[in-house]
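This briefing is written for reading beside the sequence and the 3D view. Please keep both open while going through the points.

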Amino acid sequence: SFLQEIHYSLYTAEDMVLLRTHRKALKKIKRAESALNKKYAWDKKLEDAPRRLLELNEMVNQYTKLFCMDLEFCEDTCVITEVGVSLFNPQSKKLEVYHFVVLEYYNRRNGKHVPDHKDDFQYGDSQVLPLELVEVAVKTLLEGADYLVGHAFGNDKAFLAQCGYFENTKVLDTQKYAPYALKKNQQMSLTNVVRDTLNEEPE
């Protein structure tokens with residue numbers, strides 16, 4: 001910024017070439033510093049991974065009730081069209097899976113930017129309900145859960161608050177733990193997490 005304030009007419013053509021070269025060199029130095037900082041942060045994360053995963057395994061065991069949820073939004077209007085829920089109940093040792101389709105937006109379909117899998121539920125019948133009843137169902141299923149499990153949990157958190165339930169339940173965000181488990185220095189989508197952990201397509 002100091003150089004920009006100096007009147008360029010005071011400089012010769014050779015001086016201007018030197019100034020431009022200097023600025024380019026500074027930009028390269030800043031990029032190199034940024035890359036080093038990112039690498040250092042990633043090295044620290046890898047170093048910390050065994051402890052973080054051990055911590056996670058201690059929190060979650062066969063007696064832990066897990067509530068996992070994923071939302072599907074209409075790509076054009078951002079309204080909620082589907083809610084998927086998986087519930088691990090430690091008493092029955094079973095995984096209960098639910099797929100709720102929001103009645104008000106039943107005819108809204110993705111496919112332009114986001115794949116449309118509304119009809120691909122593989123664990124029974126989808127339940128088509130008004131949004132208000134979907135909220136009631138989700139709140140009922142969530143009761144007694146020790147942890148909420150989600151991926152990039154911000155949108156899910158807002159929906160649960162809308163259902164009137166969230167305050168005291170702990171969250172496990174798979175987006176946060178994926179780099180530790182998979183040792184990949186990137187923010188991973190839920191699709192890629194499923195592919196890399198289960199070797200299955202995530203429909």
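The points below go from the whole chain to single residues.

The model is predicted. The protein chain has six helices and six strands, and its radius of gyration is 25 Å, where a compact globule of 203 residues would have a value near 17 Å. Buried residues make up 28% of the 203 residues.

**Fold and dimensions**

- From the start of the sequence to its end, the helices and strands of the protein chain come in the pattern α-α-β-β-β-β-α-β-α-β-α-α.
- Along the principal axes, the C-alpha atoms of the protein chain fill a box of roughly 80 × 45 × 35 Å.
- Among contacts with a separation of 6 or more in the protein chain, 53% join residues 24 or more positions apart.

**Surface and charge**

- About 13800 Å² of the protein chain is exposed, and 53% of that area comes from carbon and sulfur atoms.
- The protein chain carries 27 positive and 31 negative charges, and the mean positions of these two sets are 9 Å apart.

**Cysteines**

- A disulfide is a covalent bond between the sulfur atoms of two cysteines. The structure holds zero disulfides.
- C68 has a relative accessibility of 30% and so counts as partly exposed.
- C74 counts as buried because its relative accessible area is 4%, under the 20% cut-off.

**Helix α2: W42 and L53**

- Helix α2 spans residues 13-59 and contains W42. L53 is also placed in helix α2.
- W42 is buried because its relative accessible area is 13%, and the limit for buried is under 20%.
- Leaving out residues up to four places away in sequence, W42 touches P179, K183, K184 and N185.
- V128 is 86 residues from W42 in sequence, and their C-alpha atoms are 44 Å apart in space.
- L53 has a relative accessible area of 25%, so it is partly exposed.
- Beyond its neighbours within four places in sequence, L53 is in contact with Y180 and A181.
- L53 and A181 are 128 residues apart along the chain, with 7.2 Å between their C-alpha atoms.

**Strand β2 and the loop after it: T81 and K93**

- T81 is part of strand β2; this strand covers residues 80-89, and the loop between β2 and β3 holds K93.
- T81 is buried, because its relative accessible area is 3%.
- Not counting neighbours within four places in sequence, the contacts of T81 are E72, F73, C74, F100, V101, V102, Y105, R108 and K118. One of these contacts, C74, is itself buried.
- Most residues other than glycine have a negative phi. K93 is not a glycine, yet its phi is positive, about 60°.
- K93 has a relative accessible area of 45% and is therefore partly exposed.

**The loop between β3 and β4: G111**

- G111 sits in the loop that runs between β3 (94-102) and β4 (127-129).
- Is G111 buried or exposed? With a relative accessibility of 51%, G111 counts as exposed, because the exposed class is over 50%.
- Apart from its neighbours within four places in sequence, G111 is in contact with E75 and D116.
- The C-alpha atoms of G111 and R31 are separated by 38 Å, and the two residues are 80 positions apart along the chain.

**Strand β6: K170**

- K170 belongs to strand β6, which consists of residues 170-173.
- The relative accessible area of K170 is 53%, so this residue is exposed.
- Which residues does K170 contact, leaving aside its neighbours within four places in sequence? The contacts of K170 are D146, Y147 and L148.
- D146 lies 24 residues from K170 along the chain, and the C-alpha atoms of the two are separated by 6.9 Å.

Note on methods. Residues numbered from 1 in each chain as written. Predicted model: local features only at pLDDT ≥ 70, side-chain atom pairs only at ≥ 80, totals over all residues. Heavy atoms only, no water. Helix = DSSP H or I, 4+ residues; strand = E, 2+ residues; numbered from the N terminus. Rg over C-alpha atoms; globule rule 2.2 N^0.38 Å. Buried < 20%, exposed > 50% of the residue type's maximum accessible area, 1.4 Å probe, protein only. Contact = heavy atoms within 4.5 Å. Areas by Shrake-Rupley, 256 points an atom, 1.4 Å probe, with all protein chains shown as cover. Lys, Arg positive; Asp, Glu negative; His and termini not counted. Charge placed at Lys NZ, Arg CZ, Asp CG, Glu CD. Disulfide = S-S within 2.5 Å.
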